[in-house]
Amino acid sequence: MTCIDRRDLGLLLLRLSTGGVLAAHGAQKLFGWFGGGGIEGTGQAMEAMGYAPGRASATAAGLAEAGGGTLLALGLATPAAGAAAAGAMAGAAAVHVPNGFFAMNGGYEYTASLGLSAAGLAVTGPGRLSLDHLLGHAVNRGWMVPIALGTTAAVTAVVVGIRNNRVRTAREGKQEALFDE
């Protein structure tokens with residue numbers, strides 16, 4: 001093994017920070033940790049955002065975030081982990097798009113940053129300070145990257161499309177008052 005270089009340290013820091021934040025975010029959804037709503041509360045919130053059924057949507061998002069984040073932090077199955085986390089963040093970003101880019105206005109800045117970091121890690125790989133490297137990259141092969149990202153992109157596009165249709169249909173059914181009373 002050659003000595004560890006700056007790239008390996010940089011990838012380790014990026015994996016630990018991005019993966020750690022995603023894992024904590026998912027734990028809020030799955031277990032109610034860190035002030036989260038757990039499956040029940042998150043499921044209700046998901047329904048209100050247009051993702052139905054809410055409980056299944058909360059479970060899927062929580063598993064993608066907590067599982068993908070944990071695997072990213074460990075540097076294990078990096079293509080699948082990064083793709084899963086990126087897909088979950090794309091779904092979250094869809095909710096925030098109407099508010100513009102910046103998070104201070106409720107925009108998608110934060111979710112885009114996490115999702116792009118996860119996708120970037122899926123593409124670049126985990127570096128030598130990882131379980132993937134330790135295990136001989138058995139679940140981190142080059143051909144896995146386009147398959148993981150492509151499959152996740154397709155599934156995410158369908159889920160977000162259904163959600164956006166649901167939200168649009170709900171808005172069309174509501175008419176604002178024509179006159180102030």
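**Exercise 1. A histidine in a loop**

Is H137 buried, partly exposed or exposed? Work out the answer, then describe the backbone at this residue.

*Solution.* Keep in mind that you are looking at a predicted model.
- Step 1: Find the residue. H137 sits in the loop that joins α6 (131-134) to α7 (144-172).
- Step 2: Take its relative accessible area, which is 24%.
- Step 3: Compare with the cut-offs: buried means under 20% and exposed means over 50%, with partly exposed in between. H137 is therefore partly exposed.
- Step 4: Turn to the backbone. H137 is not a glycine, yet its phi is positive, at about 60°.

**Exercise 2. The overall picture**

Describe the fold of the protein chain, starting from its helices and strands.

*Solution.*
- Step 1: Go through the secondary structure. The protein chain has seven helices and zero strands, giving the pattern α-α-α-α-α-α-α along the sequence.
- Step 2: Look at the dimensions. The C-alpha trace spans about 75 × 30 × 30 Å along its principal axes.
- Step 3: Ask how much is covered. The chain has 181 residues, and 38% of them count as buried.
- Step 4: Consider the surface. About 10,100 Å² is exposed, and carbon and sulfur atoms supply 66% of that area.
- Step 5: Check the contacts. Among contacts with a separation of 6 or more, 67% come from residues 24 or more positions apart.
- Step 6: Place the charges. The chain has 12 positive and 11 negative charges, and their mean positions lie 10 Å apart.

**Exercise 3. Around R128**

Which residues are linked with R128 in a network of salt bridges? Give the N to O distances and the places of the partners.

*Solution.*
- Step 1: Recall the principle. Side chains of opposite charge can pair when their charged atoms come close.
- Step 2: Name the members. D5, D8 and R128 make up the network.
- Step 3: Take the D5 pair. The side chains of R128 and D5 form a salt bridge at 3.4 Å, N to O. This pair joins distant parts of the chain: R128 is in the loop between α5 (109-124) and α6, while D5 is in the segment before α1, 123 residues apart.
- Step 4: Take the D8 pair. In the salt bridge of R128 with D8, the closest N and O atoms are 2.6 Å apart. Here the loop between α5 and α6 is linked to helix α1, which holds D8, over 120 residues.
- Step 5: Judge the two acids. D5 is partly exposed, because its relative accessibility is 32%. D8 has a relative accessible area of 1%, so this residue is buried.

**Exercise 4. A bridge between two helices**

Which parts of the chain does the pair E65 and K29 tie together?

*Solution.*
- Step 1: Confirm the pair. The side chains of E65 and K29 meet in a salt bridge at 3.0 Å, N to O.
- Step 2: Locate the partners. E65 belongs to helix α3 and K29 to helix α1, so the bridge ties together parts 36 residues apart in sequence.
- Step 3: Check how covered they are. E65 is buried, at 1% relative accessibility, and K29 is buried too, at 12%.
- Step 4: Put this bridge in context. The structure holds four salt bridges.

**Exercise 5. Loops and a surface patch**

Which residues form a nonpolar patch on the surface? Then examine two other loops with notable backbone geometry.

*Solution.*
- Step 1: Identify the patch. F31, W33 and F34 form it, with about 400 Å² of accessible area together.
- Step 2: Focus on W33, in the loop between α1 (6-31) and α2 (38-49). W33 has a relative accessible area of 49%, so the tryptophan counts as partly exposed.
- Step 3: Move to the loop between α2 and α3 (54-74), where P53 lies. The peptide bond from A52 to P53 is cis, with omega near -5°.
- Step 4: Continue to A77, in the loop between α3 and α4 (78-96). A77 has a positive phi of about 55° although it is not a glycine. Its relative accessible area is 15%, so A77 is buried.

**Exercise 6. The surroundings of T59**

What does T59 touch, not counting residues up to four places away in sequence?

*Solution.*
- Step 1: Locate T59 in helix α3.
- Step 2: List its contacts beyond that sequence range: L30 and I39.
- Step 3: Classify T59. With 29% relative accessibility, T59 is partly exposed.
- Step 4: Compare with D8. The two residues are 51 residues apart along the chain, and their C-alpha atoms are separated by 33 Å.

Conventions:
Residues are numbered from 1 along each chain as its sequence is written. This is a predicted model: local features need pLDDT of at least 70, side-chain atom pairs count only at pLDDT 80 or more; totals for chains, interfaces and linings use all residues. Side-chain values use heavy atoms; hydrogens and water are left out. Helices (H or I, at least four residues) and strands (E, at least two) are DSSP runs, numbered from the N terminus. Buried means under 20% relative accessible area, exposed over 50%, partly exposed in between (1.4 Å probe, protein chains only). Contact means heavy atoms within 4.5 Å. Accessible areas come from the Shrake-Rupley method with a 1.4 Å probe; for residues, only the protein chains shown count as cover. Lys and Arg count as positive and Asp and Glu as negative; His and the chain ends are not counted. The place of a charge is taken as NZ of Lys, CZ of Arg, CG of Asp or CD of Glu. Patches are made of residues with over 30% relative accessible area and no salt bridge: like charges are joined within 9 Å, nonpolar side chains (Val, Leu, Ile, Met, Phe, Trp, Tyr) within 5 Å.
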